[in-house]
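This briefing covers selected strands, helices and one loop residue of a single structure. The points are grouped by topic.

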Amino acid sequence: MEKQFILHMLTTAKNLSPFDVNMALDAGWVSALAYTNVEASEVQGLVQDAIFSRSVKNLKRTGIFIGGRDTKQAMDMLKMAKRSMVPPFEVSVFADPSGAFTTAAGMVAAVERELAAKFNTTLEGKNILALGGTGPVGQAAAVIAAQAGANVRIIGRQLEKAQLIADLCSNEFGDGKITVTAGADADKAEYIKTADVVFATGAAGIELLSAELIASAPQLKVAADVNAVPPAGIAGVDAFHNGTPIEGSISGAVGIGALAIGNVKYQAQNMLLKRMITAEKPEYLHFEHAFEVAREYVKANA
């Protein structure tokens, strides 16, 4: 009898996300087992218990998912899991803390599509403001966009915290190959004058970009909002917008709402969970791979 497909799901949080469990089972994993309140020091033991309990052949039916709420912690745990493997006893690992990696990938891929379709251009050289960008989605989106050639500025209420996060994105996640800058929310009226793209990635129910600021943005092209809870994070952009013109924009900017982003996010997470099942060799998946598959999905459904 063939062994079950088992996905061991690790999280530093008190509870594992039901969203991630549903996604795993719908992608084809038969069992999704939760390990909660996991500490970094426990990763090696959990990984090695998983890999040594099955034959090399049946390890292809085994995987590890890393959730939690902290992007750096998730990436550190992903690296730790990789170091804990003992080839040929090795399995695929996928990190997606709070769904931030796949959400960010979906947002950037959708923005890239609108830049190409509506403005005949790319992310290369574009000025991007990540409003409320100190959180997990903002961090991942900033790195993905910067790796695609954009000039990204993370905006936060406290400049000092925004700078710490920008440095983390540049040096930790971007391996020093990108430069993400920081700015204070109090100065966004100045930054919006040269912005081509806005990501709204702050807390739900908070307006981050007003109609007045949109009307003062002479080169704004695309504004994307991951917030589905009223009021919208970007004035004039609702959850259903998908390349919809933003009322009051003097530059003809279009908006992308949370449900449009969420659809691409869902597809990206589903594709990576399925990829773990079918991979011939173990893979270590994170925000870069999420963007790859999000791009594939957007291109295939343009």
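Leaving aside residues up to four places away in sequence, asparagine 227 touches Ala204, Gly205, Ile206, Ala232, Gly233 and Ala258. The model is predicted. Asparagine 227 sits in the loop that links strand 9 (222-225) to strand 10 (242-245). The points below start from this residue, move to the sheet that holds both strands, and end with strand 1 and its partners.

**Asparagine 227**

- The relative accessibility of asparagine 227 is 8%, below the 20% limit, so the residue counts as buried.
- A polar atom of the asparagine 227 side chain lies 2.8 Å from the backbone nitrogen of valine 229.
- The same residue's side chain also reaches the backbone oxygen of proline 231, at 3.0 Å.

**The seven-stranded sheet**

- An open sheet is formed by seven strands in the order 7-6-5-8-9-11-10, with mixed pairing.
- Strand 7 (181-184) and strand 10 are the edges; each has a single partner strand, so one side of each lacks a neighbour in the sheet.
- Ignoring direction, neighbouring strands of this sheet are turned by 25° against each other on average.
- Strand 9 and strand 11 (residues 254-256) run parallel and are joined by three bridges.
- Within that pair, valine 222 has valine 254 of strand 11 as its bridge partner.

**Helices packed on the sheet**

- Helix 5 (residues 136-147) packs on the sheet and touches strand 5 (127-131), strand 6 (151-156) and strand 8 (197-200). The direction of helix 5 makes about 165° with that of strand 6.
- Helix 6 (residues 159-173) also packs on the sheet, where it touches strand 6 and strand 7. Its direction makes about 165° with that of strand 7.
- The 15 residues of helix 6 should span 21 Å at 1.5 Å a residue, and the 20 Å between its end C-alpha atoms agrees with this.
- Buried residues of helix 6 are Ala162, Ile165, Ala166, Leu168, Cys169, Ser170 and Phe173.
- The cover over these buried residues includes helix 3 (71-84), helix 5, strand 6, strand 7 and helix 10 (287-300).
- Aspartate 175, just after helix 6, takes a positive phi of about 55°.

**Strand 5 and its partners**

- Four of the five residues of strand 5 are buried, which leaves the strand mostly covered.
- Strand 5 runs parallel to strand 6, and five bridges join them. Isoleucine 128 has valine 152 of strand 6 as its bridge partner.
- From strand 5 the chain passes through helix 5 to strand 6, a β-α-β crossover that is right-handed.
- Strand 5 also pairs with strand 8 in the parallel sense, over four bridges. The bridge partner of alanine 130 in strand 8 is phenylalanine 199.

**Strand 1 and its partners**

- Strand 1 (residues 6-10) is largely enclosed by the rest of the structure, because five of its five residues are buried.
- Its two faces are both covered: Ile6, His8 and Leu10 are buried on one side, and Leu7 and Met9 on the other.
- Strand 1 pairs with strand 2 (residues 31-35) in the parallel sense over five bridges. Leucine 7 has alanine 32 of strand 2 as its bridge partner.
- The β-α-β crossover from strand 1 through helix 1 (residues 18-27) to strand 2 is right-handed.
- Strand 1 also pairs with strand 3 (residues 62-66), again in the parallel sense over five bridges. Here the bridge partner of leucine 10 is isoleucine 66.

Terms used
Residues are numbered from 1 along each chain as its sequence is written. This is a predicted model: local features need pLDDT of at least 70, side-chain atom pairs count only at pLDDT 80 or more; totals for chains, interfaces and linings use all residues. Side-chain values use heavy atoms; hydrogens and water are left out. Buried means under 20% relative accessible area, exposed over 50%, partly exposed in between (1.4 Å probe, protein chains only). Two strands pair if DSSP finds at least two bridges between them. A crossover is right-handed if, with the strands pointing away from the viewer, the path from the first strand over the helix to the second runs clockwise. A polar contact is a pair of N or O atoms within 3.5 Å; within protein, one must be able to donate a hydrogen and the other to accept it, and residues adjacent in sequence count only if both atoms are side-chain atoms. Contact means heavy atoms within 4.5 Å. Axes are lines fitted to C-alpha atoms, for helices over the stretch in contact, and angles run from 0 to 180 degrees between N-to-C directions. The expected span of a helix is 1.5 Å times one less than its number of residues.
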